[in-house]
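User: I am new to this structure. Please take a close look at chain A, from its overall build down to a few single residues.

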Amino acid sequence: MSLNLRNATDGEMLRLQAIQRHLKIDVGPWDEGFDVAVTKSVVRRIRPILKAEEPASGDELIEALALHFGVHFESVRSDADIRRLQRHYMTRNELGFAVLDRELSDPKVDALLFQLQNPSEIASHVAILNLRESSDHEFWSKIHELSHRLGEPPQKTLPFRRHPAERQSPVEQLIDAVSSEIGFGVTYFQPIVARHARHNRNLTISVVEAIRAEWAPNASFLAVANAATKFWPRPSMVLVAAVRGRIKNGRETREDEALRVDIQGHNKLATSIGMVPKLNWRVPHTSPLFAAFHEKRRVEALECLGDWTSTKGGSLPPIQVVTSASRFGLRAYAIISSETAAA
Amino acid sequence: MDSQSSESRKELGLRIRRLRGQKGLTAKALAKMAGLSASYLSEVEKGISAISTEKLQRIAKELGLTLDQLVSRPEPTPQAAGSVMQIPLALSQAAEELDLTFNQMKRLFGAGTSLIAARGSSSPGREYSKEEWIDLFQRVKGHMED
């Protein structure tokens, strides 16, 4: 994968080049594999620390890295927290916190990272986690803000230092790639999934919950489910279904409303056997996912994927799978896995 | 080093833990190498227990450092060290309009640049406008001397 630099600003390009210099890597931001090179470099950088600290979970991993790299976390759960933090840091001459209320007035902002003007040996950066609407993203936000610290040099170039990042920003895209490896990657997360896979034939909601409890209780269920699916050694997928209408000319309509696939993720083994439904496919009445949604209960049962069809004639392979499904609010989640390894 | 304050003990402990981490040594391994108990080293790293110069020397040796290197504070960051500043045009304009001194402008600049990342914002990356620098000044002026 390469970064999408089409709309990159000069500031973003400078920042990416600063990351390249900081990590001393040969490929540049415009090269294929820059994100991989950056990720590998960061993982190499933290490897001795994690070897020394021996974290047993994602939370311990965060704690160890935060301590080593001087990042202090603050949680905002109410407007009062914002006022408290503003007072606390401004009385310590950290005047940048004057904009905290303004920055957090945008509910889409999950987290902010401040580089302290008066750093101490204990903390040079403060990450503010906006948990007012939900704390589901707490784990991911911590990993993401730490990854900024791990991959980027201290900010000292000027016109671009204040940099609210949009979701498509190549810097944020790059930091997401690094975060993904640290938080849910091959090095630390995959061994946990592999251990669970030795004891369970199928990936189910209960297995995902066990992995989540062990690795990162503050991570969102869907984030853990997607990551566990990716590394599960048998064909598996995660589906989120909701009541939606048909899509016509690329737009959702209210026509023919039914329980349909809203989001889906799958592993490479699932792809190899065609176990990949398209977005907006109807969930068949025979599926445990359908039952979980309409009966508002957790269902775990065998189903034949051949029942999953589209009006355009598409269908899933007629293989038997275990579907584990549960309803959450207006949506239902299913984890579907084949009992046998792909051919 | 019994006179170490709680804060300096904490800082020293953190420094040992960070240096040990850079070497990839577990606390148990370093304690063994330095002839200390693992629980004592853990207390030192947490800033709970004070440590003698002699024991510190043993730790420094195992980490491949001199005692001085172990106990010295790290170099300040470029920001704290006062590296060369490139004042953005919008800030210069705001400073002129507000009639700020150089020190005030410098502090305002530091305040405006300490936020280095915002995740999830829908607004594109951009610089502060003159008006935003003025707004920031209004927010921080009560905390500024000079």
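Analyst: What follows goes from the whole chain to its partner strand and then to three residues.

This is a predicted model, in which local features need pLDDT of at least 70, side-chain atom pairs count only at pLDDT 80 or more, and totals for chains, interfaces and linings use all residues. Residues are numbered from 1 along each chain as its sequence is written, chains are lettered from A and ligands numbered from 1 in the order in which they are written, and side-chain values use heavy atoms, with hydrogens and water left out.

Start with the build. Chain A has 12 helices and 10 strands. Helices (H or I, at least four residues) and strands (E, at least two) are DSSP runs, numbered from the N terminus. The radius of gyration of chain A is 22 Å, close to the 20 Å that the globule rule gives for 343 residues, so chain A is as compact as a globular protein of that length. That radius is taken over C-alpha atoms, and the globule rule is 2.2 Å times the number of residues to the power 0.38. Along its principal axes, the C-alpha trace of chain A spans about 65 × 40 × 40 Å.

Next, the inside. Of the 343 residues in chain A, 55% are buried. Buried means under 20% relative accessible area, exposed over 50%, and partly exposed in between (1.4 Å probe, protein chains only). Take contacts in chain A between residues at least 6 apart in sequence: 60% join residues at least 24 apart. A contact means heavy atoms within 4.5 Å.

Chain A also meets chain B. Strand 2 of chain A (residues 111-115) pairs with strand 1 of chain B in the antiparallel sense, over 4 bridges. Two strands pair if DSSP finds at least two bridges between them. F114(A) has L115(B) as its bridge partner in strand 1 of chain B. That strand covers residues 115-119 of chain B, and 5 of its 5 residues are buried.

Now the single residues. Q20(A) sits in helix 1 (residues 10-23) of chain A. Q20(A) is buried, at 16% relative accessible area. Leaving out residues up to four places away in sequence, Q20(A) touches I25(A), D26(A), V27(A), G28(A), P29(A) and F34(A).

N280(A) is not a glycine, although it has a positive phi of about 75 degrees. N280(A) lies in the loop between helix 11 (268-272) and helix 12 (288-295) of chain A. With a relative accessible area of 8%, N280(A) is buried.

K296(A) is not a glycine, although it has a positive phi of about 50 degrees. K296(A) lies in the loop between helix 12 and strand 8 (299-304) of chain A. K296(A) counts as exposed, at 63% relative accessibility.
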